Amino acid sequence: MQEESVYALIPNPQEVPSRPPMHTSKFSGRTHPAQFEFGQSKVQPHATMGKADGNNAPVRLHPHEKEPKLPSPGPPTNPKQKIRPPIPSKDDVPKMGLTSNKNFITSNAVDVMLAKPGKVPQPEFQWTQKPDYGQVPLYLKRNKERMSKEKEQFSQFLRVREAPDANAHVSQLSPDDRQQLIRHLKNKWSSVNTAYQGLSLTVDTAMKKIRKEAMERELAEIERDIRTLERGEVVLVVED
């Protein structure tokens, strides 16, 4: 679309392009390829300019034309044998008056007597009939003997430890020394307790747990020593 202009009032003449003449080869289409300079003596199908004249019709394939065709099925080599008799038709007359002289009671009894025995039910196990029922287990006896031996060894160790030695020197602690020792133990308990109170409330590591248990053990030992000194007169046994 051209814009409106005074110069476009008179339409321009339209030029119709002339069609050039169709190209025609100087060689005939029926020339044998061997006549060309680089031609070949053996002509292959469709090697030049397509199929020969009259053979350019389109090739149409039918459905499933290129699929392999199976041979037609023949009669079965091994026909299936019928195990059961066929179903009687509606026109067959039923056989009437059929009887049997078989004694089913005797036959069932004989079948039962000749059959193989099945699983015989086993009686329920009676735990009260065991030979060691009501007796103390062997592992409890061994544990009891081991505990009694440990107690005997511990009591023997205490007797040897508390027995007075002939070469030991026995002296009585004076009241002033006892009070001074009590004050020293209380001061030590106060310092350990202050450090114990400054510990973290959460025991989330192994070192915190070990340190807390060590302080608790030390506090318990100091308290036991203070109670022993406050009880009364104290006798000191000093070995030479």
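The exchange below goes through the helices and one aromatic pair of a predicted model.

Biologist: What kind of model is this, and how are its residues numbered?

Modeller: This is a predicted model, in which local features need pLDDT of at least 70 and side-chain atom pairs count only at pLDDT 80 or more, while totals for chains, interfaces and linings use all residues. Side-chain values use heavy atoms, with hydrogens and water left out, and residues are numbered from 1 along each chain as its sequence is written.

Biologist: Which pattern do the helices and strands follow along the sequence?

Modeller: Helices (H or I, at least four residues) and strands (E, at least two) are DSSP runs, numbered from the N terminus. The protein has four helices and two strands, and read along the sequence their pattern is α-α-β-α-α-β.

Biologist: How many Å apart are the end C-alpha atoms of helix 4?

Modeller: The expected span of a helix is 1.5 Å times one less than its number of residues. For the 25 residues of helix 4 that gives 36 Å, which agrees with the distance in the model, 37 Å.

Biologist: Which residues of helix 4 are buried, and which helix is among what covers them?

Modeller: Buried means under 20% relative accessible area, exposed over 50% and partly exposed in between, with a 1.4 Å probe and protein chains only. In helix 4 the buried residues are Met-215, Leu-219, Ile-222, Ile-226 and Leu-229. What covers these residues includes helix 3.

Biologist: Is helix 3 roughly parallel or roughly antiparallel to helix 4?

Modeller: Axes are lines fitted to C-alpha atoms, for helices over the stretch in contact (heavy atoms within 4.5 Å), and angles run from 0 to 180 degrees between N-to-C directions. The axes of helix 3 and helix 4 come within 10 Å and cross at roughly 160°. Angles under 35 degrees count as roughly parallel, over 145 as roughly antiparallel, 65 to 115 as roughly perpendicular and the rest as oblique, so helix 3 is to helix 4 roughly antiparallel.

Biologist: Which residues form the aromatic pair, and what is its geometry?

Modeller: Rings of Phe, Tyr and Trp (its six-membered ring) pair if their centres lie within 6.5 Å, and planes under 30 degrees apart count as stacked, over 60 as edge-to-face and the rest as tilted. A search of the whole structure finds one aromatic pair. With 4.8 Å centre to centre and 80° between the planes, Phe-125 and Trp-127 are edge-to-face.

Biologist: Is Trp-127 buried or exposed?

Modeller: The relative accessibility of Trp-127 is 57%. Because of that value, Trp-127 counts as exposed.
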